[in-house]
Amino acid sequence: MRSRRGRAIGAVVAVCALLAAGCGDDDTDEAGAGEASTGEEAGGGAVEDLQIVTEPPTEFTVNDPLPGPPEARSVAFLVCPVPACEKNVTYLTNAAEVLGWDIEAISLDLANPGVAFQQALDGGFDYIALTGVPLAALEEQMAEARDRGIAVFECYSTDVAEGEANGLYSQCGGAESVALSADRLADWVIEDSGGDANVVAVTIRDFPILVAEEDAMAAAFDERCPDCSLDAVPVTVEDLGAGEVPQQVASYIQSNPDVDYVWFTFSDLSLGVSEALDGAGVLEGHNLVGVRPEEPQLEELAAGTHRAWAAPADEYAMWVMADQMARHATGVWDAALEHEAAVLPAWVVEDQSVAQELLDTGVGGWPGPEGYQDHFRELWGLP
(Lines give C-alpha, C1' and ligand atoms only; values in the text may rest on other atoms or scores of the structure.)
Protein backbone atom coordinates (compact mmCIF):
# COMPACT_ATOMS: atom_id res chain seq x y z
CA MET A 1 0.00 0.00 0.00
CA ARG A 2 1.26 3.45 -0.84
CA SER A 3 1.14 5.46 2.37
CA ARG A 4 1.39 9.13 3.18
CA ARG A 5 2.13 10.81 6.47
CA GLY A 6 -1.10 11.53 8.38
CA ARG A 7 -2.10 15.16 8.64
CA ALA A 8 -3.57 16.38 11.93
CA ILE A 9 -6.31 18.87 11.06
CA GLY A 10 -7.78 20.96 13.87
CA ALA A 11 -6.89 20.33 17.49
CA VAL A 12 -4.66 17.37 18.30
CA VAL A 13 -6.49 14.95 20.57
CA ALA A 14 -5.11 12.90 23.41
CA VAL A 15 -5.36 9.27 22.43
CA CYS A 16 -6.67 7.11 25.28
CA ALA A 17 -5.01 3.69 25.54
CA LEU A 18 -4.33 3.02 21.89
CA LEU A 19 -4.86 -0.70 21.96
CA ALA A 20 -3.97 -2.66 18.83
CA ALA A 21 -6.80 -4.52 17.13
CA GLY A 22 -6.17 -8.02 15.81
CA CYS A 23 -7.36 -8.70 12.29
CA GLY A 24 -7.95 -12.40 11.80
CA ASP A 25 -9.48 -14.31 8.92
CA ASP A 26 -13.18 -13.42 9.01
CA ASP A 27 -14.08 -15.08 5.71
CA THR A 28 -15.79 -18.01 7.41
CA ASP A 29 -16.98 -16.23 10.56
CA GLU A 30 -20.61 -17.02 11.37
CA ALA A 31 -21.17 -13.39 12.33
CA GLY A 32 -20.44 -12.32 8.78
CA ALA A 33 -22.72 -14.82 7.07
CA GLY A 34 -24.55 -13.38 4.05
CA GLU A 35 -24.45 -13.19 0.31
CA ALA A 36 -20.84 -12.73 -0.76
CA SER A 37 -19.01 -12.54 -4.05
CA THR A 38 -15.27 -12.98 -4.46
CA GLY A 39 -13.34 -10.36 -6.42
CA GLU A 40 -10.88 -11.55 -9.03
CA GLU A 41 -8.69 -8.89 -10.63
CA ALA A 42 -9.23 -5.29 -11.67
CA GLY A 43 -7.56 -1.98 -12.38
CA GLY A 44 -4.33 -1.01 -10.68
CA GLY A 45 -3.55 -4.22 -8.79
CA ALA A 46 -4.58 -7.72 -7.81
CA VAL A 47 -7.76 -7.72 -5.75
CA GLU A 48 -8.16 -11.42 -5.02
CA ASP A 49 -9.87 -13.09 -2.06
CA LEU A 50 -12.31 -10.24 -1.47
CA GLN A 51 -15.52 -10.90 0.45
CA ILE A 52 -18.19 -8.58 -0.92
CA VAL A 53 -21.16 -8.97 1.45
CA THR A 54 -24.13 -6.87 0.34
CA GLU A 55 -26.99 -8.89 1.83
CA PRO A 56 -27.94 -8.77 5.52
CA PRO A 57 -26.63 -11.72 7.56
CA THR A 58 -29.24 -14.06 8.98
CA GLU A 59 -27.24 -15.91 11.65
CA PHE A 60 -27.29 -15.04 15.35
CA THR A 61 -24.07 -14.90 17.35
CA VAL A 62 -25.59 -16.27 20.57
CA ASN A 63 -27.76 -19.39 20.66
CA ASP A 64 -27.40 -21.02 24.11
CA PRO A 65 -30.61 -20.81 26.20
CA LEU A 66 -30.57 -19.73 29.84
CA PRO A 67 -31.53 -22.22 32.55
CA GLY A 68 -34.52 -19.98 33.29
CA PRO A 69 -35.62 -16.33 33.31
CA PRO A 70 -33.25 -14.12 35.34
CA GLU A 71 -34.28 -12.26 38.45
CA ALA A 72 -34.56 -8.48 38.17
CA ARG A 73 -31.41 -6.35 38.21
CA SER A 74 -30.88 -2.57 38.31
CA VAL A 75 -28.56 -1.17 35.64
CA ALA A 76 -26.74 2.16 35.36
CA PHE A 77 -25.90 3.04 31.74
CA LEU A 78 -23.08 5.58 31.34
CA VAL A 79 -23.73 7.55 28.15
CA CYS A 80 -21.01 9.39 26.21
CA PRO A 81 -21.88 12.82 24.72
CA VAL A 82 -22.38 11.94 21.04
CA PRO A 83 -25.69 11.01 19.36
CA ALA A 84 -24.52 7.50 18.46
CA CYS A 85 -24.01 6.78 22.19
CA GLU A 86 -27.29 8.37 23.22
CA LYS A 87 -29.18 6.20 20.74
CA ASN A 88 -27.97 3.11 22.58
CA VAL A 89 -30.00 4.09 25.65
CA THR A 90 -33.21 3.33 23.78
CA TYR A 91 -31.83 0.06 22.45
CA LEU A 92 -30.67 -1.22 25.84
CA THR A 93 -33.90 -0.04 27.46
CA ASN A 94 -35.92 -2.02 24.91
CA ALA A 95 -34.01 -5.18 25.82
CA ALA A 96 -34.20 -4.49 29.56
CA GLU A 97 -37.97 -4.00 29.41
CA VAL A 98 -38.32 -7.52 28.03
CA LEU A 99 -36.36 -8.77 31.05
CA GLY A 100 -38.43 -6.58 33.38
CA TRP A 101 -35.33 -4.62 34.43
CA ASP A 102 -34.81 -0.89 34.99
CA ILE A 103 -32.16 1.21 33.22
CA GLU A 104 -30.94 4.58 34.50
CA ALA A 105 -28.89 6.71 32.11
CA ILE A 106 -26.00 8.75 33.55
CA SER A 107 -24.17 11.31 31.41
CA LEU A 108 -20.46 10.57 31.00
CA ASP A 109 -17.71 13.13 30.37
CA LEU A 110 -15.05 11.55 28.16
CA ALA A 111 -12.40 13.78 29.70
CA ASN A 112 -13.20 12.45 33.18
CA PRO A 113 -15.29 9.25 32.91
CA GLY A 114 -14.54 8.24 36.48
CA VAL A 115 -17.03 10.77 37.83
CA ALA A 116 -20.03 9.13 36.15
CA PHE A 117 -18.74 5.66 37.05
CA GLN A 118 -18.38 6.66 40.70
CA GLN A 119 -21.92 8.03 40.61
CA ALA A 120 -23.11 4.63 39.41
CA LEU A 121 -21.11 2.87 42.14
CA ASP A 122 -22.59 5.14 44.80
CA GLY A 123 -26.08 4.63 43.39
CA GLY A 124 -26.23 1.02 44.49
CA PHE A 125 -26.85 -0.50 41.07
CA ASP A 126 -26.39 -4.19 40.44
CA TYR A 127 -24.73 -3.70 37.05
CA ILE A 128 -22.91 -0.87 35.27
CA ALA A 129 -22.98 -0.56 31.47
CA LEU A 130 -21.08 1.80 29.19
CA THR A 131 -19.74 2.18 25.66
CA GLY A 132 -16.45 3.30 24.16
CA VAL A 133 -14.35 3.95 27.29
CA PRO A 134 -11.09 2.03 27.94
CA LEU A 135 -10.75 0.40 31.34
CA ALA A 136 -7.37 2.11 31.69
CA ALA A 137 -9.29 5.35 32.26
CA LEU A 138 -11.30 3.73 35.07
CA GLU A 139 -8.77 1.67 37.01
CA GLU A 140 -9.74 2.97 40.47
CA GLN A 141 -13.47 2.63 39.85
CA MET A 142 -13.14 -0.82 38.27
CA ALA A 143 -11.20 -2.01 41.32
CA GLU A 144 -13.98 -0.74 43.58
CA ALA A 145 -16.62 -2.43 41.39
CA ARG A 146 -14.79 -5.76 41.67
CA ASP A 147 -14.44 -5.36 45.45
CA ARG A 148 -18.18 -4.70 45.74
CA GLY A 149 -19.22 -7.46 43.35
CA ILE A 150 -20.71 -5.10 40.76
CA ALA A 151 -20.35 -6.54 37.26
CA VAL A 152 -19.48 -4.18 34.38
CA PHE A 153 -20.69 -4.60 30.79
CA GLU A 154 -19.48 -2.70 27.75
CA CYS A 155 -19.76 -2.37 23.98
CA TYR A 156 -17.59 -0.60 21.40
CA SER A 157 -14.24 -0.53 23.16
CA THR A 158 -11.12 -2.69 22.97
CA ASP A 159 -10.78 -4.30 26.40
CA VAL A 160 -11.46 -8.03 26.48
CA ALA A 161 -14.19 -9.34 28.80
CA GLU A 162 -12.49 -11.69 31.26
CA GLY A 163 -15.17 -11.96 33.91
CA GLU A 164 -13.84 -12.09 37.47
CA ALA A 165 -10.27 -11.54 36.26
CA ASN A 166 -10.92 -7.91 35.24
CA GLY A 167 -14.53 -7.29 36.25
CA LEU A 168 -15.73 -6.93 32.64
CA TYR A 169 -18.44 -9.28 31.40
CA SER A 170 -19.17 -8.05 27.86
CA GLN A 171 -17.46 -6.21 25.01
CA CYS A 172 -19.94 -6.41 22.15
CA GLY A 173 -18.75 -4.68 19.01
CA GLY A 174 -15.13 -4.74 20.21
CA ALA A 175 -11.86 -4.87 18.27
CA GLU A 176 -12.57 -8.11 16.43
CA SER A 177 -16.06 -6.96 15.55
CA VAL A 178 -14.98 -3.59 14.18
CA ALA A 179 -12.25 -5.36 12.22
CA LEU A 180 -14.97 -7.43 10.54
CA SER A 181 -16.92 -4.28 9.58
CA ALA A 182 -13.75 -2.60 8.35
CA ASP A 183 -12.85 -5.69 6.31
CA ARG A 184 -16.28 -5.72 4.71
CA LEU A 185 -16.05 -2.07 3.68
CA ALA A 186 -12.38 -2.25 2.68
CA ASP A 187 -13.12 -5.13 0.31
CA TRP A 188 -15.99 -3.15 -1.20
CA VAL A 189 -13.72 -0.11 -1.71
CA ILE A 190 -10.95 -2.23 -3.24
CA GLU A 191 -13.33 -3.82 -5.73
CA ASP A 192 -15.14 -0.57 -6.51
CA SER A 193 -11.86 1.24 -7.18
CA GLY A 194 -10.37 -1.56 -9.22
CA GLY A 195 -7.60 -1.94 -6.67
CA ASP A 196 -6.39 1.67 -6.81
CA ALA A 197 -8.22 3.62 -4.08
CA ASN A 198 -6.87 6.75 -2.41
CA VAL A 199 -8.67 6.74 0.95
CA VAL A 200 -8.83 9.26 3.78
CA ALA A 201 -10.35 8.20 7.11
CA VAL A 202 -12.22 10.78 9.19
CA THR A 203 -12.05 9.68 12.82
CA ILE A 204 -11.92 10.61 16.51
CA ARG A 205 -8.92 9.08 18.24
CA ASP A 206 -10.32 9.68 21.72
CA PHE A 207 -12.19 6.40 21.19
CA PRO A 208 -9.89 3.34 21.20
CA ILE A 209 -12.45 1.41 19.17
CA LEU A 210 -12.05 3.91 16.32
CA VAL A 211 -8.28 3.53 16.55
CA ALA A 212 -8.89 -0.20 16.23
CA GLU A 213 -10.96 0.48 13.13
CA GLU A 214 -8.09 2.49 11.63
CA ASP A 215 -5.72 -0.36 12.39
CA ALA A 216 -8.06 -2.84 10.71
CA MET A 217 -8.41 -0.60 7.66
CA ALA A 218 -4.66 -0.31 7.31
CA ALA A 219 -4.21 -4.08 7.66
CA ALA A 220 -6.88 -4.78 5.05
CA PHE A 221 -5.43 -2.41 2.46
CA ASP A 222 -1.87 -3.53 3.18
CA GLU A 223 -2.83 -7.16 2.67
CA ARG A 224 -5.18 -6.91 -0.28
CA CYS A 225 -4.54 -3.65 -2.12
CA PRO A 226 -0.86 -2.79 -2.67
CA ASP A 227 -1.78 0.10 -4.97
CA CYS A 228 -4.19 1.72 -2.50
CA SER A 229 -3.25 4.58 -0.16
CA LEU A 230 -4.66 5.50 3.24
CA ASP A 231 -4.47 8.78 5.17
CA ALA A 232 -6.44 10.25 8.09
CA VAL A 233 -8.20 13.41 9.22
CA PRO A 234 -8.30 13.07 13.04
CA VAL A 235 -10.89 15.38 14.64
CA THR A 236 -12.16 15.80 18.20
CA VAL A 237 -15.45 15.39 20.03
CA GLU A 238 -15.40 19.18 20.40
CA ASP A 239 -14.99 19.61 16.63
CA LEU A 240 -17.97 17.33 16.10
CA GLY A 241 -20.15 19.18 18.59
CA ALA A 242 -19.23 22.54 17.07
CA GLY A 243 -20.08 21.41 13.54
CA GLU A 244 -16.51 21.94 12.32
CA VAL A 245 -15.89 18.51 10.78
CA PRO A 246 -17.41 19.25 7.33
CA GLN A 247 -15.12 22.22 6.69
CA GLN A 248 -12.09 20.29 7.93
CA VAL A 249 -12.84 17.50 5.47
CA ALA A 250 -13.49 19.96 2.63
CA SER A 251 -10.18 21.71 3.32
CA TYR A 252 -8.36 18.40 3.28
CA ILE A 253 -9.94 17.39 -0.03
CA GLN A 254 -9.04 20.73 -1.61
CA SER A 255 -5.43 20.21 -0.55
CA ASN A 256 -5.38 16.55 -1.62
CA PRO A 257 -7.30 16.29 -4.90
CA ASP A 258 -6.07 12.74 -5.57
CA VAL A 259 -8.24 11.34 -2.74
CA ASP A 260 -11.29 9.55 -4.11
CA TYR A 261 -12.76 7.77 -1.05
CA VAL A 262 -13.70 9.49 2.23
CA TRP A 263 -14.24 6.91 5.00
CA PHE A 264 -16.13 7.93 8.17
CA THR A 265 -15.33 5.67 11.11
CA PHE A 266 -18.84 6.16 12.50
CA SER A 267 -22.06 7.83 11.45
CA ASP A 268 -21.99 11.24 13.16
CA LEU A 269 -18.74 12.23 11.47
CA SER A 270 -20.41 12.35 8.05
CA LEU A 271 -23.10 14.89 8.95
CA GLY A 272 -22.93 17.91 6.63
CA VAL A 273 -19.85 16.72 4.74
CA SER A 274 -21.50 16.14 1.36
CA GLU A 275 -23.01 19.65 1.51
CA ALA A 276 -19.62 21.14 2.42
CA LEU A 277 -17.88 19.31 -0.43
CA ASP A 278 -20.60 20.37 -2.84
CA GLY A 279 -20.32 23.97 -1.68
CA ALA A 280 -16.57 23.85 -2.22
CA GLY A 281 -17.07 22.36 -5.69
CA VAL A 282 -15.27 19.11 -4.84
CA LEU A 283 -18.09 16.59 -4.25
CA GLU A 284 -17.91 15.08 -7.72
CA GLY A 285 -15.46 12.21 -7.94
CA HIS A 286 -15.37 11.63 -4.18
CA ASN A 287 -17.02 8.51 -2.82
CA LEU A 288 -18.34 8.90 0.72
CA VAL A 289 -18.38 5.64 2.71
CA GLY A 290 -18.37 4.65 6.37
CA VAL A 291 -19.21 2.30 9.21
CA ARG A 292 -22.45 2.07 11.25
CA PRO A 293 -25.01 4.10 9.29
CA GLU A 294 -28.03 5.69 10.87
CA GLU A 295 -30.98 7.51 9.32
CA PRO A 296 -29.05 10.51 7.88
CA GLN A 297 -26.50 8.22 6.21
CA LEU A 298 -29.22 5.97 4.79
CA GLU A 299 -30.93 9.07 3.40
CA GLU A 300 -27.71 10.06 1.64
CA LEU A 301 -27.26 6.51 0.34
CA ALA A 302 -30.80 6.59 -1.02
CA ALA A 303 -30.14 9.99 -2.60
CA GLY A 304 -26.85 8.86 -4.12
CA THR A 305 -24.60 11.37 -2.31
CA HIS A 306 -23.02 8.52 -0.31
CA ARG A 307 -21.80 5.31 -1.95
CA ALA A 308 -21.62 2.56 0.71
CA TRP A 309 -21.80 1.96 4.46
CA ALA A 310 -20.78 -1.12 6.43
CA ALA A 311 -23.71 -1.88 8.71
CA PRO A 312 -22.99 -3.87 11.88
CA ALA A 313 -26.04 -5.02 13.83
CA ASP A 314 -26.92 -1.81 15.67
CA GLU A 315 -29.73 -2.47 18.16
CA TYR A 316 -28.77 -6.14 18.28
CA ALA A 317 -25.52 -5.09 20.00
CA MET A 318 -27.40 -3.78 23.03
CA TRP A 319 -29.47 -6.97 23.19
CA VAL A 320 -26.21 -8.93 23.20
CA MET A 321 -25.09 -6.80 26.15
CA ALA A 322 -28.40 -7.46 27.93
CA ASP A 323 -28.00 -11.17 27.18
CA GLN A 324 -24.60 -11.19 28.91
CA MET A 325 -26.21 -9.52 31.92
CA ALA A 326 -28.92 -12.18 31.94
CA ARG A 327 -26.27 -14.92 31.79
CA HIS A 328 -24.43 -13.37 34.72
CA ALA A 329 -27.69 -13.07 36.66
CA THR A 330 -28.48 -16.77 36.12
CA GLY A 331 -24.94 -17.94 36.91
CA VAL A 332 -24.09 -19.28 33.44
CA TRP A 333 -21.86 -16.49 32.08
CA ASP A 334 -19.06 -17.96 29.97
CA ALA A 335 -16.08 -16.07 28.51
CA ALA A 336 -15.87 -18.17 25.34
CA LEU A 337 -19.55 -17.71 24.57
CA GLU A 338 -19.27 -13.98 25.26
CA HIS A 339 -16.45 -13.71 22.75
CA GLU A 340 -18.51 -15.44 20.06
CA ALA A 341 -21.57 -13.31 20.78
CA ALA A 342 -19.61 -10.05 20.73
CA VAL A 343 -18.60 -10.14 17.04
CA LEU A 344 -21.55 -8.34 15.47
CA PRO A 345 -22.93 -9.44 12.10
CA ALA A 346 -22.06 -6.88 9.39
CA TRP A 347 -22.73 -6.22 5.70
CA VAL A 348 -22.34 -3.40 3.18
CA VAL A 349 -25.35 -1.29 2.16
CA GLU A 350 -24.59 0.00 -1.33
CA ASP A 351 -27.88 0.00 -3.21
CA GLN A 352 -30.10 3.09 -3.15
CA SER A 353 -33.31 1.05 -3.04
CA VAL A 354 -31.99 -1.11 -0.19
CA ALA A 355 -31.13 2.03 1.78
CA GLN A 356 -34.66 3.30 1.19
CA GLU A 357 -36.10 -0.01 2.38
CA LEU A 358 -34.13 0.32 5.63
CA LEU A 359 -35.39 3.89 5.99
CA ASP A 360 -38.95 2.76 5.47
CA THR A 361 -38.71 0.51 8.54
CA GLY A 362 -38.46 3.67 10.66
CA VAL A 363 -35.64 2.18 12.74
CA GLY A 364 -32.68 4.13 11.33
CA GLY A 365 -29.71 1.88 10.65
CA TRP A 366 -29.71 -1.91 10.43
CA PRO A 367 -31.03 -3.25 13.74
CA GLY A 368 -29.80 -6.82 13.29
CA PRO A 369 -30.72 -10.24 11.88
CA GLU A 370 -34.44 -10.65 11.30
CA GLY A 371 -36.31 -11.88 14.36
CA TYR A 372 -33.54 -11.23 16.88
CA GLN A 373 -35.93 -9.89 19.56
CA ASP A 374 -37.99 -13.08 19.53
CA HIS A 375 -34.75 -15.08 19.43
CA PHE A 376 -33.55 -13.49 22.68
CA ARG A 377 -36.96 -13.87 24.31
CA GLU A 378 -36.77 -17.58 23.58
CA LEU A 379 -33.22 -17.86 24.92
CA TRP A 380 -34.27 -16.04 28.08
CA GLY A 381 -37.29 -18.31 28.62
CA LEU A 382 -39.76 -15.45 28.30
CA PRO A 383 -43.12 -15.37 26.47
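This dialogue goes through a sheet, a helix pair and a cavity in a predicted model.

Trainee: Where should I start with the sheet, and in what order do its strands run?

Mentor: Strands of a sheet pair through backbone hydrogen bonds, either parallel or antiparallel. Here five strands make an open sheet, ordered β7-β6-β8-β9-β10, with parallel pairing. At the edges are β7 (102–107) and β10 (168–172), each of which pairs on one side only. From one strand to the next, the twist averages 20°.

Trainee: How many bridges join β9 and β10?

Mentor: Strand β9 (residues 151–155) pairs with β10 over three bridges, in the parallel sense. For one residue to look up, take E154, whose bridge partner in β10 is Q171.

Trainee: Which strands does α10 lie across?

Mentor: Helix α10 lies across β6 (74–79), β8 (127–131), β9 and β10. Its direction is at about 160° to β9.

Trainee: What is the angle at which the axes of α10 and α13 cross?

Mentor: Two packed helices are described by the angle between their axes and the distance between the axes. For α10 (residues 314–329) and α13 (residues 372–379), the axes cross at roughly 5° and come within 11 Å. Angles under 35 degrees count as roughly parallel, and α10 and α13 are therefore roughly parallel to each other.

Trainee: Which residues in α10 and α13 meet?

Mentor: From α10 come E315, Y316, W319, V320, D323 and R327; they meet Y372, Q373, F376 and L379 in α13. By class, the residues of this contact are six nonpolar, one polar and three charged.

Trainee: What volume does the largest cavity have?

Mentor: Rolling a probe the size of a water molecule over the atoms shows where empty space is left. Searching the whole structure gives one cavity of 30 Å³ or more. The largest cavity has a volume of about 290 Å³. It is lined by 21 residues, and Y156, I209, L210, F266 and R292 are the closest to its centre.

Trainee: Which helices each supply at least two residues of that lining?

Mentor: Helices α1 (83–99), α4 (175–193) and α5 (208–224) do. The lining as a whole divides into twelve nonpolar, seven polar and two charged residues.

How values were computed:
Residues are numbered from 1 along each chain as its sequence is written. This is a predicted model: local features need pLDDT of at least 70, side-chain atom pairs count only at pLDDT 80 or more; totals for chains, interfaces and linings use all residues. Side-chain values use heavy atoms; hydrogens and water are left out. Axes are lines fitted to C-alpha atoms, for helices over the stretch in contact, and angles run from 0 to 180 degrees between N-to-C directions. Helices (H or I, at least four residues) and strands (E, at least two) are DSSP runs, numbered from the N terminus. Angles under 35 degrees count as roughly parallel, over 145 as roughly antiparallel, 65 to 115 as roughly perpendicular and the rest as oblique. Contact means heavy atoms within 4.5 Å. Ala, Val, Leu, Ile, Met, Phe, Trp, Tyr, Cys and Pro count as nonpolar, Asp, Glu, Lys and Arg as charged, and the others, Gly among them, as polar. Two strands pair if DSSP finds at least two bridges between them. On a 1 Å grid over the protein atoms alone, a cavity is a set of points where a 1.4 Å probe fits but cannot get out, and a pocket is an open set with protein on both sides within 12 Å along at least five of seven lines; lining residues have an atom within 4 Å of a point. Grid points are joined across faces, edges and corners, and a volume is the space filled by probe spheres set on the points.
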